[in-house]
Amino acid sequence: MIKAAVMGYGTIGSGVAEVLEQNKDVIKQRAGQEIALKYVLDLREFPDSPVADKIIHDFKVIEEDEEIRIVVETMGGLNPAYSFVKSCLLAGKHVVTSNKALVAAHGTELLAIARQRHVNFLFEASVGGGIPIIRPLYRCLGGEQIEEITGILNGTTNYILTKMDKEGESFENALREAQNLGYAERNPEADVEGYDTCRKIAILTAMAVGKEVNFENIYTEGITKITDIDFKYAEKMGTSVKLFGTSRIRKGRVSAYVAPVMIGKDHPLYSVSDVFNGILVKGNMLGPAMFYGSGAGKLPTASAVVADMIEAAQNPDSHVPMGWTDEKQTIEPIETARFRFFVRIAGSYRNKEEDVKNFFGNVDVYELYGLDEFAVLTGEMAEGDFRRAAASFDAKEQAKSDFGIKQTIRAVL
């Protein structure tokens, strides 16, 4: 028997306790021994819960109990999660976490401590919820050179965009519905501004290249500027708009970004809708592989946490090589990335055709009935070149006391 503690009895922590109890027989078989929950750390009391007799309020109890070999962190955030996790690793305990903020900010240090102490710091549930993606990167795809990781990594934003796409909802109404259903927090900034996706693609990129990736160096743009009008154009064009976290790796150079992207029906991630996540991984030998499923939720995420607990139980006295080193990976500036660009422009195309072609080259043109605007889809060009062309186009329009660009969305078509 190996004894464990859970820190944080919220949605995920309670799910972990439930999975350990409901699936205890299969867990024992696969782990090679029983995983017994001894403590649950939380500030609150849970007198009517199945773990009422396991609730403690003092972290030192876990840190100093030599029987505890596996500690699960599901508190979220950085404080006190970081100091508690670090202390557990230094005390020679395996740590499993679902906390992407912790892994993105302090993963390099915590992985180094785990290696030094011959224990494991495992974080399958930090990306993709219940979708297996971390373990495939260091086990199943261990012989691959990963060339690209592109994912719909946030269920909240994907739900909002799906409502806008399929039902014509405005961003504000779709967000409100997501909040009412519990998919979005009262303060949804981390989701809708792309910060959550940014941390996740940083973790996946670090796993792929074996080096530290600073999420603050990844260009990040959320979905707050996307409108129902954009989706009306998308419907006419046979496309949709998704929030992508993308990392492209070529000869040691990494280009990474988070942004809304227009994609066509032939794209593998086109049909990923509602709160589901999808992750496309391309290897130099394998080619593309898709990972799809519940990217969040109590039991799917808890299932991924328990899988890490099983791996720790299978390796009670040894370190499983995984993660990345403290060597820094440079992220190429977004200006070097290449896209096609969907651009909405005020006025009529007939009056602006010459300027559009002069600044953007040959374009496909789209118009919607009743709107005093048109849209174009450019050819592929570098982001930096597009920004300069767009700025020059806008400057010329303003010089004529006219309106210019109303919206821009990157396109992968």
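A residue is called buried when its relative accessible area is under 20%, exposed when that area is over 50%, and partly exposed in between, as computed with a 1.4 Å probe on protein chains only. Helices (H or I, at least four residues) and strands (E, at least two) are DSSP runs, numbered from the N terminus.

The structure is a predicted model, in which local features need pLDDT of at least 70 and side-chain atom pairs count only at pLDDT 80 or more, while totals for chains, interfaces and linings use all residues. Residues are numbered from 1 along each chain as its sequence is written, and side-chain values use heavy atoms, with hydrogens and water left out.

**Exercise 1. Helix α10**

Task: Establish whether helix α10 is enclosed or open, and compare its end-to-end distance with the expected span.

Solution: Begin with the burial of its residues: D196, T197, C198, K200, I201, A202, I203, L204, T205, A206 and M207 are buried in α10. Because 11 of the 15 residues of α10 are buried, the helix is largely enclosed by the rest of the structure. Next take the length, where the expected span is 1.5 Å times one less than the number of residues; for the 15 residues of α10 (residues 195-209) this gives 21 Å, and the end C-alpha atoms are 21 Å apart, which agrees. Finally, look just after the helix, where G210 takes a positive phi of about 75°.

**Exercise 2. Two annotated positions**

Task: Locate K100, which UniProt lists under "binding site" in an unreviewed entry, and E185, which is listed under the same feature name, and decide how accessible each residue is.

Solution: UniProt positions are given in the numbering used here, feature names are shortened, and annotations may be inferred rather than shown by experiment. K100 is found in helix α5 (residues 100-117) and is partly exposed, with a relative accessible area of 28%. Contact means heavy atoms within 4.5 Å, and, leaving aside neighbours within four places in sequence, K100 is in contact with S126, D196, R199, K200 and I203. E185, by comparison, sits in the loop between α8 (171-180) and α9 (189-192), and E185 is exposed, with a relative accessible area of 56%.

**Exercise 3. Strand β16 and its partners**

Task: Describe how strand β16 is paired and on which sides its residues point.

Solution: Two strands pair if DSSP finds at least two bridges between them. Five bridges join strand β14 (residues 338-346) to β16, and these strands run antiparallel; the bridge partner of R344 in β16 is A375. Three bridges join strand β15 (residues 364-366) to β16, again antiparallel, with D364 opposite L377. β15 and β16 form a hairpin with six residues between them, and G370 in the turn has a positive phi of about 90°. As for the side directions, E373, A375 and L377 point one way from β16, F374 and V376 point the other way, and all are buried. Five of the five residues of β16 (residues 373-377) are buried, so the strand is largely enclosed by the rest of the structure.

**Exercise 4. The nonpolar cores**

Task: Identify the largest nonpolar core and the helix that gives the most to it.

Solution: A nonpolar core is a set of buried Ala, Val, Leu, Ile, Met, Phe, Trp, Tyr and Cys residues joined through side-chain atoms within 4.5 Å. The largest has 113 residues, and those with the most contacts inside it are I35, I62, F121, F123, I134, L204 and M309. Helix α12 (residues 298-314) gives the most to this core, with eight residues. Apart from it lies another core, of 26 residues, among them F244, F339, M381 and F393.
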